[in-house]
Amino acid sequence: MTPEPVPQPSTDAPPEQPQPVAQPTHFDFDWSAAVNPLIGVDTADVPEQSAAEQSAASPAAPATAEQQPPAVGAAAPVPAEELVRKNQHGDPLARRMGRNVRRAVGGGSREAREMAAFVELMQRSVPSTRQIAIASVRGGAGKTTMAALVATELARHRQDRVLAADADAELGSLPLRLGVRSQLSLFDLAGQNPRSFEEAARFLSRTPEGLFVLSSTRGGRIAGEFTLETFQSALNVVARYVGATVIDCGAGILTELNRGVVAASHGLVLVTPGTVDGALSARGALEWYAANEQGDLLRRTVIAMVSHAPQVGADLHRAHQMLTAWGLPVVFVPYDRHLATGSSVDMSKVSAAARSSVTRIVHEVFARALTAPTR
């Protein structure tokens with residue numbers, strides 16, 4: 001019996017396929033296109049998927065309110081602290097350490113005497129509520145920061161109530177600098193007739209130092225323009241319950257609102273930048289007051305020259321001579337890293353030199369306000 005032939009492998013079989021070779025990585029590799037192949041592709045060339053195919057390809061995420069784009073104007077306000085990259089102390093660490101050493105060895109006797117005189121003044125009673133206006137010839141002088149510092153320093157040392165009122169008829173930033181936010185403003189207080197301070201306080205905010213704040217905005221947003229009559233109506237409701245009121249005027253000295261606030265005040269702090277044009281602007285304001293039958297205002301005015309940069313090329317000594325020729329105290333406020341952020345003021349982070357200047361400004365203007373006639 002003949003055996004069947006064993007089948008031989010066909011010579012026509014396809015040759016063994018080579019293994020794919022890994023491609024080298026290129027530095028210009030488009031990772032975005034790899035993650036989303038539709039990037040850079042005309043969507044008109046991509047076949048549409050049915051709703052069922054789209055659902056199977058990617059399960060739908062539950063619809064939530066957070067996923068919906070916010071309506072215009074409905075975004076929540078951003079806290080000022082989140083806009084500050086680094087909230088520095090006004091004094092470098094080495095300077096703070098050196099000051100502590102000087103105190104430990106008995107230095108700073110002059111500062112101690114000045115502080116003792118300041119504390120004695122702060123303990124004096126007032127014949128009636130004292131009103132101090134903080135004004136400037138133009139915006140950007142540091143007026144609102146000065147108002148926050150003066151009002152806070154008064155609240156820290158006075159036993160009676162101290163009020164800070166924002167008289168900026170547009171978007172006053174005094175509440176921001178004081179770290180408060182109120183949903184009620186002077187618009188809500190005007191026309192009210194509270195029977196006690198507790199009723200009036202519902203329209204105010206309060207800082208950790210005990211300072212009461214009357215805002216011109218609602219929740220940090222513009223509440224509207226107001227007149228001198230509206231501002232005075234709101235202020236008079238609460239002023240009778242406080243010992244001192246510090247008013248942050250809007251920029252300029254010629255508006256009806258600012259002129260009315262300054263005329264009704266017992267003291268004025270005129271804030272100007274520590275520059276050549278700042279000194280000349282202050283002189284121009286003094287000349288205007290003198291020429292417009294407000295010479296009595298000069299006797300209760302203190303000039304604060306604020307440095308907004310670490311080094312200033314202006315001859316501040318000459319500027320001091322020019323302004324003190326009017327018989328007014330001129331106080332220089334040095335550059336301070338903490339105050340320069342424009343956020344809420346933390347007195348514990350203000351430099352010793354800036355705090356000393358503010359204390360002197362408060363001393364000078366409050367002493368003049370005490371002797372001013374009741375208005």
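Good morning. I begin with a single pair of residues: Ala164 has Val213 in β4 as its bridge partner. The model we are looking at is a predicted one. That bridge belongs to the parallel pairing of β2 with strand β4, residues 212-214, which extends over three bridges. In general, strands of a sheet pair through backbone hydrogen bonds, in either a parallel or an antiparallel manner.

Strand β2 has a second partner. With β7 it pairs in the parallel sense, over six bridges, and here Leu163 stands opposite Thr245 in β7.

Let us now place these strands in the whole sheet. The sheet is open and has eight strands, in the order β3-β4-β2-β7-β1-β8-β9-β10, and its pairing is mixed. At its edges lie β3 (205-206) and β10 (330-333), each of which pairs on one side only. Towards the β10 end, strand β9, residues 301-306, runs parallel to β10 and is joined to it by four bridges. Within β10, Phe332 stands opposite Met305.

Two helices deserve attention here. Helix α5, residues 143-157, packs on the sheet and touches β1 (130-136), β2 (162-167), β7 (244-249), β8 (267-273), β9 and β10. The direction of α5 makes about 170 degrees with that of β7. Helix α14, residues 352-371, also packs on the sheet, with contacts to β1, β7, β8, β9 and β10. Its direction makes about 150 degrees with that of β10.

I return to β2 with a question: why is β2 described as largely enclosed by the rest of the structure? The reason is that six of the six residues of β2 are buried. Val162, Ala164 and Asp166 point one way from the strand, while Leu163, Ala165 and Ala167 point the other way, and all are buried. This fits a general pattern: in a regular strand, side chains alternate between the two faces of the sheet.

Finally, the nonpolar cores. Which residues have the most contacts inside the largest core? They are Leu163, Leu214, Phe231 and Val261, in a core of 45 residues. Helix α9, residues 228-239, gives the most to this core, namely seven residues. Leaving aside residues up to four places away in sequence, Leu163 touches a number of others, including Leu204, Leu211, Phe212, Leu235, Val238 and Val246. Apart from this core lies another, of 42 residues, among them Val271, Leu339, Ala354 and Ile361. As a general remark, nonpolar side chains tend to be buried together in soluble globular proteins.

Thank you for your attention.

How values were computed:
Residues numbered from 1 in each chain as written. Predicted model: local features only at pLDDT ≥ 70, side-chain atom pairs only at ≥ 80, totals over all residues. Heavy atoms only, no water. Pairing = 2+ DSSP bridges. Contact = heavy atoms within 4.5 Å. Axes fitted to C-alpha atoms, helices over the stretch in contact; angles between N-to-C directions. Buried < 20%, exposed > 50% of the residue type's maximum accessible area, 1.4 Å probe, protein only. Core = buried A, V, L, I, M, F, W, Y, C linked by side-chain atoms within 4.5 Å.
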